[in-house]
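Here is a short set of exercises to work through with the structure open beside you. Try each task yourself before you read the solution.

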Amino acid sequence: VMVSSRKPVEVQTVAVTGSERLSFPEIYKANIDSCVSINTSTLAGYNFFNQPVEVPSAGSGFILTKDGYIATNYHVIEGASMVKVTLDDGTTYEAKIIGGDADYDIAILKVDPGENELKPVTVGTSSSLKVGENVSTIGNPLGQLTFSLTHGIISCLDREINLNGTPFNMIQVDTSINPGNSGGPLFNQYGEVVGIVSAKY
């Protein structure tokens with residue numbers, strides 16, 4: 001039996017500087033602590049015994065500030081009676097919905113981390129993106145495969161689509177995206193957030 005003698009490559013934790021391109025393992029390691037899974041419950045009515053019936057759903061999000069502001073999609077938290085945010089280390093916080101815009105499908109949550117400082121993402125700009133560039137996202141596909149990394153390329157910029165009567169100019173990617181990825185960050189090759197996962201077509 002032939003056994004490889006190659007030593008496993010160690011992935012170092014690197015800082016997102018905006019000037020150095022990162023490998024996908026480096027992007028994941030640099031940002032995993034800034035990504036969250038989001039679980040919600042929505043009141044769907046009452047059963048025969050007049051007991052509330054809650055419908056669970058899941059999505060993704062990312063940390064904007066050390067004191068607990070988090071971005072996600074509006075449709076992830078729309079109508080939710082309870083929102084919980086979970087970090088990669090398993091820490092779970094109950095979140096408050098600060099505000100949102102249904103037309104642009106963006107919402108801001110707030111958690112109270114106490115004395116713990118959260119790790120925010122580094123926000124970049126989408127204006128310098130090019131078709132064919134590598135991109136990646138970390139999210140919660142299917143509501144079960146938490147903190148999964150998928151990657152691909154930018155397929156089109158300023159893709160005009162219409163969602164429920166509202167026109168959008170979107171970044172189209174071929175990155176694998178499933179229900180539960182909504183609200184997750186889209187990273188460029190430098191590990192900066194340049195978009196938010198909003199639609200699957």
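This is a predicted model, and we begin with one residue: N181 is buried, with a relative accessible area of 2%.

**Exercise 1. Find where N181 lies, and list what N181 is in contact with beyond its neighbours within four places in sequence.**

Solution.

Step 1: Locate the residue. N181 lies in the loop between β10 and β11.

Step 2: Decide on burial. Buried means under 20% relative accessible area, so N181, at 2%, falls in that class.

Step 3: Collect the contacts. With neighbours within four places in sequence set aside, N181 is in contact with S60, T137, G139, N140, P141, S176 and V197.

Step 4: Check a distance along the way. I138 is 43 residues apart from N181 along the chain, yet their C-alpha atoms are separated by 7.8 Å.

**Exercise 2. Is I196 buried, partly exposed or exposed, and which residues is I196 in contact with?**

Solution.

Step 1: Place the residue. I196 belongs to strand β12.

Step 2: Apply the cut-offs. Partly exposed covers the range between under 20% and over 50%, so I196, with a relative accessible area of 25%, is partly exposed.

Step 3: List the contacts. Leaving aside neighbours within four places in sequence, these are F62, T72, N73, I106, G183 and G184.

Step 4: Link back to the previous exercise. The C-alpha atoms of I196 and N181 are separated by 9.6 Å, with their positions 15 residues apart along the chain counted as "15 residues apart".

**Exercise 3. Work out the strand order of the seven-stranded sheet, and find which strands stand at its edges.**

Solution.

Step 1: Walk across the sheet. The order is β5-β4-β1-β2-β3-β7-β6, the sheet is open, and the pairing is antiparallel.

Step 2: Find the edges. β5 (92-94) and β6 (96-101) each have a single partner strand, so one side of each is left without a neighbour in the sheet.

Step 3: Note the turn between strands. With direction ignored, neighbouring strands of this sheet are turned by 30 degrees against each other on average.

Step 4: Go through some of the pairs. β2 (residues 52-63) is joined to β3 (residues 69-72) by two bridges, and F62 has A71 as its bridge partner in β3. Next, β3 and β7 pair over four bridges, with T72 partnered by A107 in β7. β6 and β7 pair over five bridges, and here I97 stands opposite L109.

Step 5: Look at the connection. β6 and β7 form a hairpin with four residues between them, and D105 in the turn has a positive phi of about 55 degrees.

**Exercise 4. Now do the same for the five-stranded sheet: what is its order, and which strands are at its edges?**

Solution.

Step 1: Read the order. This open sheet runs β10-β9-β8-β11-β12, with antiparallel pairing.

Step 2: Pick out the edges. β10 and β12 (193-196) each pair on one side only.

Step 3: Add the angle. On average, and ignoring direction, neighbouring strands here are turned by 45 degrees against each other.

Step 4: Examine one pair. Six bridges join β8 (residues 134-139) to β9 (residues 148-163), and N134 has I153 as its bridge partner in β9.

Step 5: Add the helix. α1 (residues 24-31) lies across β8, β9 and β11 (185-187), at about 40 degrees to β8.

**Exercise 5. Which residues touch the most other members of the largest nonpolar core, and which elements each supply at least two of its residues?**

Solution.

Step 1: Find the best-connected members. The core has 16 residues, and I38, V85 and L109 touch the most other members.

Step 2: Trace the elements. β1 (35-46), α2 (74-77), β4 (80-86) and β7 (106-110) each supply at least two residues, and the largest share, three residues, comes from β4.

Step 3: Zoom in on V85. Not counting residues up to four places away in sequence, V85 touches V36, S37, I38, I70, T91, T92, Y93, A95, L109 and V111.

Step 4: Look for a second core. Apart from the largest lies another, of 13 residues, including V16, I27, I32 and I138.

**Exercise 6. What volume does the second largest pocket have, and which elements give two or more residues to its lining?**

Solution.

Step 1: State the volume, about 180 Å³.

Step 2: Name the lining. Among its residues are Y74, H75, D105, F168 and S198.

Step 3: Assign elements. α2 and β10 (166-173) give two or more residues each.

Notes. Residues numbered from 1 in each chain as written. Predicted model: local features only at pLDDT ≥ 70, side-chain atom pairs only at ≥ 80, totals over all residues. Heavy atoms only, no water. Core = buried A, V, L, I, M, F, W, Y, C linked by side-chain atoms within 4.5 Å. Buried < 20%, exposed > 50% of the residue type's maximum accessible area, 1.4 Å probe, protein only. Contact = heavy atoms within 4.5 Å. Pairing = 2+ DSSP bridges. Axes fitted to C-alpha atoms, helices over the stretch in contact; angles between N-to-C directions. 1 Å grid on protein atoms, 1.4 Å probe; cavity = no way out; pocket = protein on both sides within 12 Å on 5 of 7 lines; lining within 4 Å. Points joined across faces, edges and corners; volume = space filled by probe spheres on them.
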